Amino acid sequence: MLSLQIGPLALPTGLVLLFVSLCVAYGVAGWLRRYRQLPDAGPLVSDMLIAGLLAARLAFVLRWHEQYLAAPWSILNIRDGGFLASAGIAAALAIAAWRCRRAAMTLMRRPLAISVASGALAWGVLSAGISLAYDKPTALPAVALQAVDGAPVTLAALAGGKPLVVNLWASWCPPCRREMPVLAAAQQARADIVFVYANQREDAAVAGAFLDRSGVTLRNVVLDSEAALGKAAGSSALPTTLFYDAQGRLVDTHLGELSDASLASKLQMIAPVP
């Protein structure tokens, strides 16, 4: 499941899990301080979080620096999801080890370890629960789609044995509109990958009129009038982009706006460039 519906909001599942896990970690730290008279690990958990996020972002920017150099301001646009988790975890642990190295901080080690472990356990339990409740699709959905000219099409037929990128969009969605030039440029540059743009719940006239106004040239625009692809992917939010390898296996997903760098990182997973 890529997103969770909370009232009128569709939030990325990973973001919700992070928030809940942090609440558990802070809650345990507060409980240990109040009822076990142990040092308050909450501030150090915050330091670990900040260091982890900064390091994860910096590592991703360095990895895809060529894309960011073309538009340096986009480094600040963290909505593109450009983070390297391994670098973030390493930085967070390094901060904890460095802060707890002094003798005066020896008593902090226990409450910090318990708080962080509690947050990690909450993440693991919730992730497992969501996985059990929702079966993640691993292959191309056999969904009946329609070309803008009314002809029936399927993802398998469009892919033709190549890696496939499926972008779910709608004309009323601002981040969908902002990322279209990025996807269009990638479609022009990567002939080895098939890009499909599946409009959600709009008719051909609305989708076509928007594309005419936008000035963006897209191939393989299809209509998904029942939002069946979004349901199959477990996402009620737009834009959502799905990345399949040449065997039709779902390799990765992205919820939200793509940047040049975040798209390049996903494409490398399904069709590596030497």
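Me: How many helices and how many strands are there in the protein?
Reply: This is a predicted model, in which local features need pLDDT of at least 70, side-chain atom pairs count only at pLDDT 80 or more, and totals for chains, interfaces and linings use all residues. Residues are numbered from 1 along each chain as its sequence is written, and side-chain values use heavy atoms, leaving out hydrogens and water. Helices (H or I, at least four residues) and strands (E, at least two) are DSSP runs, numbered from the N terminus. In the protein there are 10 helices and nine strands.

Me: What percentage of the residues in the protein is buried?
Reply: Buried means under 20% relative accessible area, exposed over 50%, and partly exposed in between, with a 1.4 Å probe and protein chains only. The C-alpha atoms fill a box of roughly 70 × 40 × 35 Å, taken along the principal axes. Of the 274 residues in the protein, the buried share is 45%.

Me: In what order do the strands of the seven-stranded open sheet lie?
Reply: Two strands pair if DSSP finds at least two bridges between them. The pairing in this open sheet is mixed. The order of its strands is E4-E3-E7-E6-E5-E8-E9.

Me: Which strands are the edge strands?
Reply: Within the order E4-E3-E7-E6-E5-E8-E9, an edge strand pairs on one side only. The two are E4 (152–153) and E9 (250–255).

Me: Why is strand E5 described as largely enclosed, and how many of its residues are buried?
Reply: Both faces of E5 are covered, with Leu-164, Val-166 and Leu-168 buried on one side and Val-165, Asn-167 and Trp-169 buried on the other. Strand E5 spans residues 164–169 and is largely enclosed by the rest of the structure because of its buried residues, which number six of the six.

Me: Which residue of E8 is the bridge partner of Leu-168?
Reply: E5 has six bridges to the parallel strand E6 (residues 194–200), where Val-165 is partnered by Phe-195. E5 also pairs with E8 (residues 240–244) in the antiparallel sense, over five bridges. There, the bridge partner of Leu-168 is Thr-240.

Me: Which helix joins E5 and E6 in a right-handed β-α-β unit?
Reply: A crossover is right-handed if, with the strands pointing away from the viewer, the path from the first strand over the helix to the second runs clockwise. E5 and E6 make such a unit with the helix of residues 174–189, H7.

Me: What angle does the direction of H10 make with that of E9?
Reply: E9 is joined to E8 by five bridges in the antiparallel sense, and Leu-242 has Thr-253 as its partner in E9. H10 packs on the sheet, touching E5, E6, E8 and E9 (contact means heavy atoms within 4.5 Å). Angles run from 0 to 180 degrees between N-to-C directions, and axes are lines fitted to C-alpha atoms, for helices over the stretch in contact. The direction of H10 makes with that of E9 an angle of about 170°.

Me: How many of the 11 residues of H10 are buried?
Reply: Helix H10 covers residues 260–270 and is largely enclosed by the rest of the structure. Its buried residues include Leu-263, Lys-266 and Ile-270. Of the 11 residues in H10, the number buried is eight.

Me: Is Arg-79 buried or exposed?
Reply: Arg-79 is found in the loop between H3 (65–70) and H4 (85–99). Not counting residues up to four places away in sequence, Arg-79 touches Arg-178 and Glu-257. With a relative accessibility of 53%, Arg-79 counts as exposed.
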